[in-house]
Structure formats: C-alpha cells, structure tokens
Amino acid sequence: MNPILKTIDLHKIYSKGNMEVRALQGVTFDIQRGEFVSIVGRSGSGKSTLLNLIGGLDTATSGNIHIHDRELTQMKRLDLALHRRKTVGMIFQSFNLIPSRTALENVTLAMAFGGVRRKERKPMAGEILERLGLKDRIDHKPGELSGGEAQRVAIARALANKPQILLADEPTGNLDSKTSAEIIDLLHMLNRKQTVTVLMVTHDEVSAATVSHRIFRLLDGKIIDEKIVGSLS
Amino acid sequence: MRLDDKLQLGLANLWRTKLRTVLTTLGVMIGIGALVSMVSFGTGMQKNITQTFKENDLFTSMQVTPRKIDFEQAMAGNVESIVESLQEDTPPLNEGALKTIGDIRGVELAFPEIRFPVKIKFGEYETQTTLRALPLGMGHYKPYNNLDYGQFFPSDTASSVIIHPRILRELKIILTSDKEEQKLSIEDSLRGVRTLSADAIMGKPIEIITSVVDFNAIMKNPMRQLRAGTNTPTREASTTLTIIGIQKEGSAFDGGTRFDPGIVVPMQTVNRIPRLGFSSIWSLLNTSGSTDTYASVTVRVKSITETDSVQAKIERMGFGVFSIADQLEELKTGFIIFDTALGAVGAIALIVAALGIINTMVMSILERTREIGVMKAIGGSENEIKTIFFIEAGSIGLIGGIFGLGLGWVVTLIANVVANYIVARQGVPHVDFFYIPIWLILGALAFSILVSLLAGLYPAIRAARVDPVKALRHD
C-alpha cells in the first residue's frame with residue numbers, strides 16, 4: 001500500500017543571526033492513509049519544524065516530502081498555497097483564530113479560500129461546528145470562547161476543505177487536562193470515523209499513546225525511536 | 001477565492017479601523033479636491049475664451065492685408081525681414097481685389113475694415129471709444145443678429161448707431177429692465193450715475209466727435225505748427241446719428257478692451273463722418289500711397305470647414321491672411337500647458353495623501369501580521385493577499401476621489417461667488433471662472449485610484465511576503 005505521506009532524509013537548517021541551527025538532520029518516515037501518528041520530544045527537538053515543512057508553511061533545506069506522489073520540496077509558492085488549502089488542515093497550540101471574526105466566519109473564510117460556493121459555506125460550516133459540539137457558539141468571537149471551544153473551532157476550520165491530513169501542532173498545549181482529553185478524543189474520533197490521517201506533535205506522550213497507531217520520538221532533529229501502539233485494522 | 005470575497009475582506013478590514021480609514025480618505029479627498037478645483041479653473045478659462053470666439057463667429061472670420069506680415073519676425077524684432085517684405089511688389093488691395101475675394105466660393109461677406117477712435121456725446125456725458133463700420137450683411141452674424149434692444153441697420157446709408165452696453169456704463173447710465181426698478185448705490189449716485197430704461201435711449205440722438213486736420217490753421221501760420229508743445233493743427237467735427245440698437249452684454253472676455261468697437265455704424269454712413277487720413281491701425285502698414293486701396297479687408301466664410309480653402313486662395317492672390325482658426329491650435333497647446341501646471345500643484349496634495357495611504361497600510365500590516373499568517377496557513381495565496389490589500393488601498397482612493405470631486409465642486413462654487421463679487425465692483429458681468437468637464441471628473445477618479453493603488457503596491461507586496469512560520473509563532 002502506498003503511503004499517503006513519505007519523507008526522505010529531510011534536513012532543515014536555520015540561520016539565527018550568525019548561528020546555524022540544525023532543526024532537522026535527516027528525518028525519514030512514512031505514514032499510511034488513516035493512520036494516527038504522534039511525534040513526541042523535548043522543546044527544540046525539531047517537532048514543529050517538521051510539521052511546518054509537511055504543512056507547506058516552510059521549505060526544507062534538503063530531502064524530499066512526498067504527499068500522494070507529489071513532491072512538496074519542489075513546489076512553487078502558489079502550489080504550496082494550494083497544498084495548504086486542499087491537502088492539509090493545520091491546528092496550533094495558540095488556536096490562531098482571527099479575533100475579529102465569529103466562529104462561523106473563521107470557518108467560512110477557509111472555505112472562501114478553498115473555493116466553496118458562497119451560499120454553501122454557511123450551512124457547511126454550521127454543520128461542521130455543530131458536529132464538534134459548538135452549536136451554541138457559532139456566532140461567538142474567539143475572545144468569548146473557552147480554550148477548548150476555540151480549539152474545536154480551529155479544528156472545524158482545519159476540516160473546512162476536507163483535507164486528507166490533519167496536522168496538529170501541540171493542540172493541547174494551552175489547555176487544562178480535562179479539556180485536553182476532550183480534544184484528543186475528538187481527534188481520535190475524527191481519525192476513526194472520518195478516516196482523516198492525523199499527524200500530531202505533542203508533549204503529552206501518555207494521552208498520545210491512547211489514540212495513536214505509532215509514536216515517533218524526535219531528538220536533535222532525528223527520529224531516535226518509533227513505538228508501535230496499535231495498528232490499522 | 002473569488003473577487004467578491006476579497007472585496008468583502010478588504011472592506012471589512014477598512015471598516016474595522018474606521019477612524020484611521022476616514023483620516024486617510026480625508027487626505028485623498030483634499031488632494032483630489034485641490035486637483036479638481038485647480039484644473040477646473042484652467043478649463044473654465046479655456047471654455048470662456050473659445051466660447052467667446054464662437055459666439056462672435058471668430059472662427060469663420062479672417063483678416064486680409066495687402067501683404068503677408070510675418071508676425072513672428074516682427075515680435076522677434078527682425079526689422080530687416082519686415083523691410084524686405086515691404087519692398088516686395090504686391091498686388092493692390094483695392095475695389096477690384098475686394099470683388100474677386102467676394103466671389104471666392106465659400107465667402108459670404110468681404111468688406112474693408114474701417115475703425116477709428118471717436119469721442120461720443122450723449123446728453124451731457126461723453127466718453128471715448130472705437131467706431132467700426134459694418135455692411136448690412138453683418139446683421140446675420142453674431143453678435144449683431146441678437147441684439148438686446150432694437151434692430152440692425154435698415155440700410156448701408158442709415159444714420160443709425162448700435163451701441164455696446166459697456167459704453168452706456170462709461171456714459172454713467174445703468175440700464176433698467178422693464179420688470180424691476182434698479183436701486184442705485186449711494187456711491188453710484190454721488191458719481192452721477194443715472195438709471196434709464198432702454199426706451200429712453202432708443203431713437204435718441206448721439207453725437208460722434210472726430211478729429212480732422214485743420215487745413216485753415218496750417219495755412220494761417222505753417223511755421224508755428226512745427227514748434228513743439230503747441231496745439232496740433234486739428235479741430236473737432238461733430239456728426240449726429242440715432243441709436244437704433246443696444247448690443248447684448250457678452251461675457252467678460254467679450255469686448256473687454258477699450259480698443260474694441262463701442263459703437264457700430266453702417267458701411268456708407270461712415271463716409272459722412274470726417275476723420276484723419278488713416279482709418280485704422282492697418283493703414284499705418286499701407287505704404288503704397290494710393291488712396292483707393294484698403295488697409296485691411298474682413299472676410300466671413302460660410303462655415304468653419306471652408307476657412308482653410310478660402311485662406312489658401314486669398315494667399316495665392318498675394319495677400320496676407322490672418323485668421324483666429326490659425327491661432328487656435330497654438331492656443332490649445334498653451335492651455336494644455338496651463339492646465340498641466342495647475343494640475344501639478346493639485347497633484348502635490350495628492351502625493352502627500354498617497355504617503356498617508358502607505359503609512360496607514362504599513363501600520364495595518366504590522367498589526368495584522370498574525371492574521372495574514374493565518375490566511376496563508378489556511379490556503380491564502382500571495383496573489384490573493386496582495387489583492388485584498390490592493391482593494392483596501394483602491395477603496396480609499398475611490399471613496400476619497402468621489403468625496404474629493406464633491407469638495408472640489410463646492411470650492412469652485414464658493415470661489416466663483418467670491419471672484420464674481422470682486423469683479424462685479426469693476427463693472428464686469430457675471431463669469432463662470434470654473435468648469436468641470438466630464439473628462440476631468442473621470443480623470444480625477446482614475447488618477448485617485450491609480451495613485452492609491454501605487455501607494456498600496458509596497459504594502460501589498462510586503463503583506464504577501466509575510467512568513468507564516470514567524471507570524472504564527474506563539475509568543
């Protein structure tokens with residue numbers, strides 16, 4: 001079976017002033033369709049950098065990223081935008097919702113970029129938000145939402161254009177343990193019921209272990225350990 | 001993402017920072033207002049002058065002189081070339097030539113130009129002006145086909161005069177309309193100004209006083225006349241004619257100078273008025289010495305389209321031709337330069353406004369870096385983000401432009417009232433100093449949007465290049 005995502009010897013080197021930061025030093029792995037993979041590791045181990053490269057927000061110094069047999073590292077900027085729009089959906093530790101827009105508008109904005117027709121956007125966005133348990137929060141602005149609600153809106157936005165891969169960068173980093181569990185459960189549910197492939201970066205190895213098929217451990221830009229927790233049935 | 005989505009996003013962004021948007025738009029508005037009011041002054045002047053030309057049928061009129069005078073050479077002070085041209089053998093501009101010119105196809109009217117300075121006396125007041133003789137045919141032409149009161153001459157020999165209202169003012173007469181009694185200001189009353197109705201003037205006698213050479217005086221004591229400082233050997237002669245018409249008060253650009261004819265008499269009647277040997281300024285150039293030649297002949301053609309061919313034919317006869325139509329192209333170029341200079345002053349204000357737009361947009365991008373990062377993360381392309389910012393800048397330009405047009409219009413209205421108030425005290429009739437043609441409206445709007453888009457260029461590129469990784473990094 002062809003992996004949905006495959007990275008080969010991925011390197012990323014930043015220059016921070018005069019210093020050279022080697023964020024990734026040869027990362028190679030692949031992920032099957034429908035898998036839930038977590039990446040754990042200390043701060044500065046290169047987890048977020050890896051996610052940004054796969055998300056098309058940043059470009060690799062060397063190496064390859066194949067998604068659906070398309071080569072991400074050779075893409076032009078416009079193709080990268082299309083990749084972010086259609087193929088992946090991203091969620092962040094700090095939610096990154098647009099504060100001046102309501103929950104619904106945050107989701108419809110993503111649909112506008114995705115080319116969803118104007119009159120279909122609101123019902124579609126409303127349906128997604130409702131499914132994520134935000135029926136009463138549709139017209140609230142991010143400032144009026146709790147952390148858990150805000151992250152669920154962010155997930156709804158990430159799902160707006162029906163991506164194949166959901167990239168989650170420390171999605172529970174700003175949440176208390178109870179809400180964290182809810183978000184992890186939600187991702188788990190999406191993975192099992194909607195067969196969305198999930199790649200999650202997290203500190204919380206314990207809860208990751210309850211939902212992931214595999215867990216990669218990253219240290220100094222290299223995968224030092226791969227733990228198989230469950231398997232795709 | 002469709003254009004209407006971008007439009008909505010851009011406008012929503014402007015709406016969110018209302019005060020800043022309003023202030024920036026005000027800048028553009030003032031810039032466009034300045035531009036429009038400045039340029040409309042130039043176009044107003046142009047309109048007034050060309051309209052006066054048209055009203056007086058000057059485009060179908062030309063002046064024929066015995067020989068071609070190179071005005072450019074004369075202006076440059078090139079005496080030699082003028083003397084040379086005077087020495088050339090040229091055909092006489094006499095009765096025969098006048099008839100030949102009159103027979104050219106397209107020529108409606110050809111008559112010798114006779115005008116000379118006179119003193120006129122009406123009642124107890126007198127003033128000085130220029131008298132001009134016109135043939136009966138001129139009654140079909142502006143402005144003589146549309147007199148304020150009375151009729152054009154019944155014949156070429158009638159003892160009639162048509163008078164310009166400017167002369168009436170100089171004679172301290174204010175015409176009253178039939179409907180309302182005009183109140184005199186105290187100032188006017190003290191100066192001895194009277195109000196008279198047109199009926200009180202029409203059909204009344206007017207005295208034309210001219211200077212003639214007093215041969216008797218010369219004969220009596222020829223030597224005395226040569227001494228400096230003594231009286232010239234002239235005496236005054238008086239001819240009495242009847243006022244049969246009053247011309248319309250034209251625009252301020254019409255007959256504004258004292259050299260323009262204040263009174264007009266029929267072509268044959270003028271022979272009854274005794275005068276000095278030369279009849280007009282053109283006579284000074286008449287060096288042939290013969291008495292039966294004309295210094296200058298006025299030609300009227302049927303339509304503007306025939307001006308060129310008629311002019312060429314007369315020039316082939318060996319005469320010089322001067323026509324306003326010739327000068328029009330040069331005049332137009334002059335006005336383009338004038339308008340451009342005025343526009344440049346207005347454009348400075350717009351450039352300042354453009355800097356305001358750049359400032360506002362850059363500020364806005366700094367504040368919205370994270371938002372731009374989010375838009376990129378959810379799939380916004382560089383072009384889409386660029387377009388959103390262009391729409392913001394362009395909207396400021398469009399709205400500022402529309403309100404600027406309004407501002408310019410109001411400014412010209414006020415300036416026109418003030419300017420007319422000032423010139424009215426000098427007896428100049430109402431003038432519209434400003435004119436806003438449709439091309440100025442559309443041009444100002446287009447220019448406003450263009451300048452705004454140019455101002456938005458750098459901010460838009462900067463917004464498109466926001467690095468999403470940096471923008472989304474959690475603080």
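## Chain B as a whole

Among the contacts in chain B between residues at least 6 apart in sequence, 81% join residues at least 24 apart. These values come from a predicted model. Chain B contains 14 helices together with 13 strands, and of its 475 residues 34% count as buried.

## Where chain B touches chain A

Between the two chains, 15 residues of chain B are in contact with 21 residues of chain A. On the chain B side, at least two residues each are supplied by helix 1 (3-16), helix 11 (369-377) and helix 14 (468-472). In character, the residues on this side of chain B divide into seven nonpolar, four polar and four charged.

## The antiparallel sheet of chain A

Chain A has an open sheet of four strands in the order 2-1-4-5, and the pairing in this sheet is antiparallel. Strand 2 (19-31) and strand 5 (70-71) of chain A stand at the edges, and because each has a single partner strand, one side of each is left without a neighbour in the sheet.

Within this sheet, strand 1 (residues 5-16) of chain A is joined to strand 4 (residues 62-67) of chain A by five bridges, and the two pair in the antiparallel sense. One residue pair that can be located in the structure is Lys6(A) and His66(A), the latter being the bridge partner of Lys6(A) in strand 4 of chain A.

## Strand 7 of chain A and its neighbours

Strand 7 (residues 165-169) of chain A is mostly covered, since five of its five residues are buried. In a regular strand the side chains alternate between the two faces of the sheet. For strand 7 of chain A, one side carries Ile165(A), Leu167(A) and Asp169(A), while the other carries Leu166(A) and Ala168(A), and both faces are covered, with all of these residues buried.

Strand 7 of chain A is paired with strand 6 and with strand 8, as the bridges show. Four bridges join strand 6 (residues 88-91) of chain A to strand 7 of chain A, and these two strands run parallel; here Ile91(A) stands opposite Ala168(A) of strand 7. Strand 7 of chain A is also joined by five bridges to strand 8 (residues 197-202) of chain A, again with the strands running parallel, and the bridge partner of Ile165(A) in strand 8 is Thr197(A). From strand 7 of chain A the chain crosses through helix 6 (residues 177-193) to strand 8, and this β-α-β crossover is right-handed.

Key:
Residues are numbered from 1 along each chain as its sequence is written. Chains are lettered from A and ligands numbered from 1 in the order in which they are written. This is a predicted model: local features need pLDDT of at least 70, side-chain atom pairs count only at pLDDT 80 or more; totals for chains, interfaces and linings use all residues. A residue is buried if 20 or more other C-beta atoms lie within 10 Å of its own, exposed if 12 or fewer, and partly exposed in between; C-beta atoms are placed from the backbone. Two strands pair if DSSP finds at least two bridges between them. A crossover is right-handed if, with the strands pointing away from the viewer, the path from the first strand over the helix to the second runs clockwise. Two residues are in contact if their C-beta atoms, placed from the backbone, lie within 7 Å. Ala, Val, Leu, Ile, Met, Phe, Trp, Tyr, Cys and Pro count as nonpolar, Asp, Glu, Lys and Arg as charged, and the others, Gly among them, as polar.
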